[in-house]
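Me: Could you take a close look at one part of this structure for me, the surroundings of the ligand? I'd also welcome a few words on the rest of the chain.

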Amino acid sequence: MSDLEPKPEHKFAFGLWTIGHSGRDPFGEATRPPIDSLDFIRGLAEIGAWGVSFHDDDLMTFGAPEKQRREELDRFKKGLEETGIVCSMATTNLFWHPMFKDGAFTSNDRNVRRLAIQKTLRNLDVAAELGAPTYVFWGGREGVESAASKEPADALSRYKEALDFLCGYVKDKGYNIRFAIEPKPNEPRGDTFLPTIGHAMSFINQLEHSEMVGLNPEVAHETMAGLSFYQGVAQAIWQDKLFHIDLNDQKIGRYDQDFRFGSEGIKDDFFLVRLLESTGYSGPKHFDCRPYRNELGAGIWEFARGCMRTYLVLAEKAREFDNDPRVKEAQAFAGVTELAVPTVGSYSREASDRLLAEQFDPEQLAQRSYGNEALDQLVIDRILGV
Ligand code: GCO
Ligand code: MN
Ligand code: MN
């Protein structure tokens, strides 16, 4: 194994709400004291992380006087300057306050919708001041329990209206910020609008400034929906829409578990890391997860170290896998590189005439074996380290 020490060049980032999560859940109170934002940033620098992200309300007390909010922001800025940690992403809390119980951009109450956009405009100014290049939209409360309560087409129109307006603001102000939508199938709502990577990507095509809007997919969210996160991310990369990523882990079909990256679906995580490394994804590797609720003190930093360590181990394993001559041979047998060869090329009359005249032998084509068992065993051997 090469060096497994996280370094700033790896671009590992954590949200203020992650390592410092209080442990509060629907069944019980906080199990840990809050961490001050300055201590948090210092802690990140100590463990070799590079970036930090925040919700407006993580950083500045909601509803507090402007003077206090300014002081809280300046304290955070001091931490960034002192440590060299960068502010890699910002987002709005549009889910915690009871006024958002029916949604934010898609609340049936027009004043709640207007306030949600106003809250976002204000935090976009903060994001610009802190140099955050990405602004995330996770639609926490954008959804329904009762399908009778909202017309989906109206909700999607209001969602689009909000994002178009906010894109207009960023362009007007000349901010260097792109938006990233974070899909999630459910929780806290019974059904969430834009539930998966696929829904979000096709929604983006409907936006006025679709070029400045991409995705922030999360391991746990696609996995909750029983989908392959790897395939979703691969398609987002193929469509140039992977602007940011939330790494964590999750058992399939459960509530949003937000486990330490690499603690559950290790084979999926192997392929995910291999994908991010081999396609040259250059954004933050952002961990949106939290320590087990029974963890305290030094243990929460062990959790953070674990996320980064597992990522680095898997990156190394992926390189070894791709350099293994037995893998190359098995991949050639499986036809992996053959899939990269165009099938018919662009349409022309000649090309279609040629294809129509060609003779294929279906029986002989059916005789091919692809050797996927041997190939996949090489994956397992590599992950298990034998
Ligand atoms: C969740 C989400 C959030 C968002 C965060 C930033 O399931 O709670 O993943 O953690 O990522 O609000 O947008
Ligand atoms: Mn989540
Ligand atoms: Mn997330």
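Reply: Happy to help; the ligand site comes first, then a loop, and then the domains and a helix pair.

This is a predicted model, in which local features need pLDDT of at least 70 and side-chain atom pairs count only at pLDDT 80 or more, while totals for chains, interfaces and linings use all residues. Residues are numbered from 1 along each chain as its sequence is written, chains are lettered from A and ligands numbered from 1 in the order in which they are written, and side-chain values use heavy atoms, with hydrogens and water left out.

Around ligand 1 there are 13 residues, of which H55, E182, E218, D256 and D288 come nearest (near means that a heavy atom of the residue lies within 4 Å). By class, this shell has four nonpolar, three polar and six charged residues. Here Ala, Val, Leu, Ile, Met, Phe, Trp, Tyr, Cys and Pro count as nonpolar, Asp, Glu, Lys and Arg as charged, and the others, Gly among them, as polar.

Several side chains make polar contacts with the ligand (pairs of N or O atoms within 3.5 Å). The side chain of D288 has an N or O atom 2.7 Å from an oxygen atom of ligand 1. For K184, a side-chain N or O atom also lies 2.7 Å from a ligand oxygen, and a polar side-chain atom of W17 is 3.4 Å from one. Ligand 1 taken alone exposes 330 Å², and the protein buries 92% of that (accessible areas by the Shrake-Rupley method with a 1.4 Å probe).

Now for the loop between β6 (178–182) and β7 (191–192), where P188 lies; strands are DSSP runs of E with at least two residues, helices runs of H or I with at least four, both numbered from the N terminus. E187 is found in that loop too. Most residues other than glycine have a negative phi, and most peptide bonds are trans. E187, however, has a positive phi of about 70°, and the peptide bond from E187 to P188 is cis, with omega near 10°.

Finally, the chain is divided into domain 1 (8–319) and domain 2 (325–384), with bounds from an automatic or database domain assignment. Their centres, taken over C-alpha atoms, are 39 Å apart. Six residues of domain 1 contact six of domain 2 (heavy atoms within 4.5 Å).

As for the helices, F321, D322 and N323 in α10 meet P325, V327, K328 and Q331 in α11. That contact comprises three nonpolar, two polar and two charged residues.

Note on methods
A polar contact is a pair of N or O atoms within 3.5 Å; within protein, one must be able to donate a hydrogen and the other to accept it, and residues adjacent in sequence count only if both atoms are side-chain atoms.
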